[in-house]
Amino acid sequence: MPDTNVLAERPAQGQATVTDAIIIGAGISGMFMLYRLRELGMSVKVFEAGTNVGGTWYWNRYPGARFDSESWTYGYSFSKELLAEWDWKEHFSPQPDTLEYLNHVADKFDLRRDMQFRSTVTAAHWDDAANQWTVTLENGEQAKARFLFTAIGILSAYTLPAIPGRDSFQGPAYHPARWPHTPVDFTGKRVGIIGTGATAIQAIPEIAKQAAHLTVFQRRPNWAAPLHNAKISKEEMEEIKSRYEEIYAHCAQTPSWFIHEADRRKTLDVSPEEREAFWEKLYAEPGFGIWMGNFRDILIDEKANEKISEFIARKIRQRVKDPAVAEKLIPKDHGFGSRRVPLESGYFETYNRDNVTLVDVINDEPIECITPKGVKTSKQEREFDILIYATGFDGVTGAFDRIDFRGPNGLTLKDAWADGPRTYLGMLPEGFPNMLMALGPHTARGNIPQAIEHSVNFQAGVLRFMLEHGYTRIDTRPECVDEWTETVIKAAEPLLSSKVDSWQTGVNRNVAGRQVRRVLGYNGNGAHFRRKTDEVTTGGFKEFVFR
Ligand code: NAP
C-alpha cells in the first residue's frame, strides 16, 4: 500500500487555516468523526502524525499483531453498504488486513481529502475572545477552528524502558508501536525482547519461528489464554453478514460491547466438576469468553478469582514442558483477568523450543543496563543482533499529556487533570470549551470501535443541536462533572483490576509521575452508559452549558 503524501492544501506561509473543526488523529475515531462532521456540513481539517490513515493499525506492524476481538464486531457499523461489501478473512484479523480495511473505508468515503499527514500536533490553545481553538504543529504551522476533536487513542503514547544505556545499543532496536514498514528479517539473528504484555505475547511466537535465538526478558508475567483464530470461509462470511444487525444489536446491550456476556452463576455456587467442565469449554473456545463470558464474580471476588487463576495456572503447567519455566510464567502478584487478558496463539509452547530462553528479571537476573552489544544483567552480558522494547504505553492520558492543551485561563489540561481527569461522560473535559474527545478518560470503552461509534454519534448529536440552536460554545456543568467523576470512581471500586498496577490503572514505571493508580475508564456496564447518553440526547443536552 503506497503511503499518501500530504494531500490537503496548505496555507500560505505565516497564515493559519480556518475550518469549523479540527480533528487530531486519523485512526478509527478520527475517520468516523470526519465522516459525521461532513454530514453536518462542517468544514474539517484532520491532522495526523503518520503518513496515512489507521492509527493503532497503522503504527503497530509487529509480527503477530492481530485483533483479539472478533473481526466481525470490529468494523464500523454505520454503513450497511460497507458491512455488506467487506469480507473479513479471519475471525481475528491480522494487522495488514485491518489496515487494508481502514484504507478501504478512507477510499470509499473519500476521507483523505480533508486530512493532512506527517502533521504532529504539539499544542492547542483556546482563544476566549475569538471563541476558537488555535492548533500548532511540530513545524510551527497553525490552524484555527471553533471545535476541536481529539481522536488520539488510548494506547498511542508508547514508552521505552527507563534502563540505563538504553540508546547505546548498536544494532537495530524497535518498539512495536513504531515498527518499520518493511518486515524485519530475524533469520539467523540473536534477538532480545523486553516485556511480556499483550504485544510481546503476540510477537514472541512469530519471532521465535525465525530467529536463531530469542531471549525474553520478563518482569511480571501476564495471564493469557488461547485465541483459537481460524479463517472465515466465503459461506461463513455470508452467514455472518446476514446476521450483522442482530450481532451489533446484541453487542450494544452487553456490558463491554463484545459478543461475550458473563454467566449469571457465581463460581462457588456450582460443583467443582461443573466448574471444571465450564472452564474447559471456555478455554477451548475462540476469543474473550474465558474472561468476559465467565462466572459473574471472577473479576470482583477474591475467592472466585483464585479458583479460575488455579485453573489457568494448571493449563500453563500442562503446556510448558520445563516445570521451572512454567512456574516463572504463572503470575503470582495478581489474579486472572485483573489485568487486560492477552489472547495467544502458541505462546506457552514457544518456551518448549530450544531457541527460546526466558529470563526472569525480578527473581533471577535483574537488568543492569543496555550496552552497545546487548543487555547486561546481574549475571552476564547477553549479546544480541536485534533488541525489541515491547514495553507498552502511557495509557489513556499519556497522549493528552504530549500535547500542550490550554483552556481559557491558560490552564493546561495536564495540570487540570493532575489529581485525575475531570470530564462529563469522558467526552468533554471540564474547563476546555468546544473540546470533544473520542476515547477520552472516564468514558466507556470495551470493544473499541463500538465505543468509538457510540461516542462519535453522541458528539455529532451535540453539534447538530448546537447548529440548530445557533450555539457556538459548549462547556460542562460543575455539578454534572462531579456526578460523573464520582460514578466512574464508584464503578471501579469493586473490581479486582483496580487493585493492580497496569496501564489501565495509569501505572507506568518508565514515566515520571506515573507510579500512583488512577481511575482512567468508566468500568460500569456499557449498556447503562448507552442508556445514560441516550437520555442526555433525548433530554436536549441539559447537562451542558451552551452559549
Ligand atoms: P503492556 O501490557 O503494558 O506490557 C508492557 C510489558 O513491558 C510488561 O510486561 C512490562 O512489565 C514490561 N516492561 C515495561 N518496562 C519494563 C522495564 N523497564 N523492564 C522490564 N520490563 C518492562 O503493553 P503492551 O503489551 O504493549 O499492551 C498494552 C495494551 O495494548 C494491551 O493491554 C491491550 O489492551 C493492547 N493490545 C491489544 C492487542 C490486540 O488487540 N490484539 C495486542 C497488543 C496490545 P510489567 O508488567 O512488570 O510492568
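**Exercise 1. Find how many bridges join S13 to strand S14 (residues 374-377), and place the pair in its sheet.**

Solution. Start with the pair. S13 and S14 are joined by 3 bridges, and the two strands run antiparallel. The model is predicted.

Next, pick out one partner. Ile 367 has Thr 377 of S14 as its bridge partner.

Now widen the view. The sheet is open, with 3 strands in the order S13-S14-S15 and antiparallel pairing. Its edges are strand S13 (367-370) and strand S15 (381-383), each of which pairs on one side only. From one strand to the next, the twist averages 25°.

**Exercise 2. Describe how helix H1 (residues 28-39) packs against helix H15 (residues 448-469).**

Solution. Two packed helices are described by the angle between their axes and the distance between the axes.

Take the geometry. The axes of H1 and H15 come within 10 Å and cross at roughly 30°. Angles under 35 degrees count as roughly parallel, so H1 is roughly parallel to H15. The crossing of H1 past H15 is right-handed.

Then list the contact. H1 contributes Ile 28, Ser 29, Phe 32, Met 33, Arg 36 and Leu 37. From H15 come Pro 449, Ile 452, Glu 453, Val 456, Asn 457, Gln 459, Ala 460 and Leu 463.

Finally, sort by class. The contact of H1 with H15 has 9 nonpolar, 3 polar and 2 charged residues.

**Exercise 3. State how the protein chain is divided into domains, and how far apart the C-alpha centres of domain 1 and domain 3 lie.**

Solution. Read off the segments:

- Domain 1: 17-53 + 111-157 + 395-490 + 521-546.
- Domain 2: 160-222 + 342-392.
- Domain 3: 259-320 + 327-338.

Then take the separation. The C-alpha centres of domain 1 and domain 3 are 37 Å apart.

Key: Residues are numbered from 1 along each chain as its sequence is written. This is a predicted model: local features need pLDDT of at least 70, side-chain atom pairs count only at pLDDT 80 or more; totals for chains, interfaces and linings use all residues. Side-chain values use heavy atoms; hydrogens and water are left out. Axes are lines fitted to C-alpha atoms, for helices over the stretch in contact, and angles run from 0 to 180 degrees between N-to-C directions. Helices (H or I, at least four residues) and strands (E, at least two) are DSSP runs, numbered from the N terminus. Angles under 35 degrees count as roughly parallel, over 145 as roughly antiparallel, 65 to 115 as roughly perpendicular and the rest as oblique. A crossing is left-handed if the near helix is turned anticlockwise from the far one by less than a right angle, and right-handed if clockwise. Contact means heavy atoms within 4.5 Å. Ala, Val, Leu, Ile, Met, Phe, Trp, Tyr, Cys and Pro count as nonpolar, Asp, Glu, Lys and Arg as charged, and the others, Gly among them, as polar. Domain bounds come from an automatic or database domain assignment. Two strands pair if DSSP finds at least two bridges between them.
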